[in-house]
Amino acid sequence: RYAIEQQYNIGPRTWVPDLFIEVGFPHETIVAVLQNMWYNNIAPFTEHRKRVLAEHIVYVLERWYESCKSRNEILFAGEENCEGVVELIGALEEGGLDGEARERGMELKRKILRTLR
């Protein structure tokens, strides 16, 4: 709430997920919390502000992907999670993800699907 009401457009838009990643929260935990907020319309992230959550989810998924690749780990901790990530990105696209975040989400989805083949 603080980020959207007090810090909106001050500093990088991704400072909240960056903070949680930096202090060591697992990517999957951050995604799960953001996803829950997105699906449940938790205030103040309703209507047009849901887009902020969707953008943060894509951002954290990108960081998780990069972390897996750089550490030579199994992508998203397994094939089932990869499929879940692809479904989540699809839901975000249908739910109003637009602009650059939509392009980044689509690119990430393509990379995951290539890996699964």
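A nonpolar core is a set of buried Ala, Val, Leu, Ile, Met, Phe, Trp, Tyr and Cys residues joined through side-chain atoms within 4.5 Å. The exercises below concern a predicted model.

**Exercise 1. The nonpolar core**

Determine how many residues the largest nonpolar core has, and which elements give two or more residues to it.

*Solution.*
Step 1. The largest nonpolar core comprises 30 residues.
Step 2. Those with the most contacts inside this core are Ile57, Leu61, Phe76, Leu92 and Ile112.
Step 3. Two or more residues of the core come from each of α3, α4, α5 and α6. The most are given by α4, with eleven residues.
Step 4. For Ile112, neighbours within four places in sequence are set aside; its contacts are then with Leu75, Phe76, Cys82, Val85 and Val86.

**Exercise 2. Helix α5**

Compare the span of helix α5 with the expected value, and identify which of its residues are buried.

*Solution.*
Step 1. Helix α5 covers residues 79-94, which is 16 residues.
Step 2. From its first C-alpha to its last, α5 reaches 23 Å, close to the 22 Å expected at 1.5 Å a residue.
Step 3. The buried residues of α5 are Cys82, Val85, Val86, Leu88, Ile89, Gly90, Ala91, Leu92 and Glu93. Their cover includes α3 (27-39), α4 and α6 (99-116).
Step 4. Just after α5, Gly96 adopts a positive phi of about 115°.

**Exercise 3. Two glutamates**

Classify Glu93 and Glu73 as buried, partly exposed or exposed.

*Solution.*
Step 1. Glu93 lies in helix α5, whereas Glu73 is in the loop between α4 and α5.
Step 2. The relative accessible area of Glu93 is 13%. Because buried means under 20%, Glu93 is classed as buried.
Step 3. Glu73 has a relative accessible area of 41%. This value falls between the 20% and 50% limits, so Glu73 is partly exposed.
Step 4. With neighbours within four places in sequence left aside, Glu93 is in contact with Arg102, Gly105, Met106 and Lys109. On the same basis, Glu73 is in contact with Ser67 and Cys68.

**Exercise 4. The pair α2 and α4**

Describe how helices α2 and α4 cross, and which residues make the contact.

*Solution.*
Step 1. Two packed helices are described by the angle and the distance between their axes.
Step 2. The axes of α2 (residues 15-22) and α4 (residues 50-70) come within 10 Å and cross at roughly 35°. The crossing is right-handed.
Step 3. Pro17, Asp18 and Ile21 of α2 meet His56, Tyr59, Val60 and Arg63 of α4.
Step 4. By class, this contact has four nonpolar, one polar and two charged residues.

Definitions and conventions
Residues numbered from 1 in each chain as written. Predicted model: local features only at pLDDT ≥ 70, side-chain atom pairs only at ≥ 80, totals over all residues. Heavy atoms only, no water. Axes fitted to C-alpha atoms, helices over the stretch in contact; angles between N-to-C directions. Helix = DSSP H or I, 4+ residues; strand = E, 2+ residues; numbered from the N terminus. Left-handed = near helix turned anticlockwise from the far one by under 90°. Contact = heavy atoms within 4.5 Å. Nonpolar A, V, L, I, M, F, W, Y, C, P; charged D, E, K, R; others polar. Expected span 1.5 Å × (residues − 1). Buried < 20%, exposed > 50% of the residue type's maximum accessible area, 1.4 Å probe, protein only.
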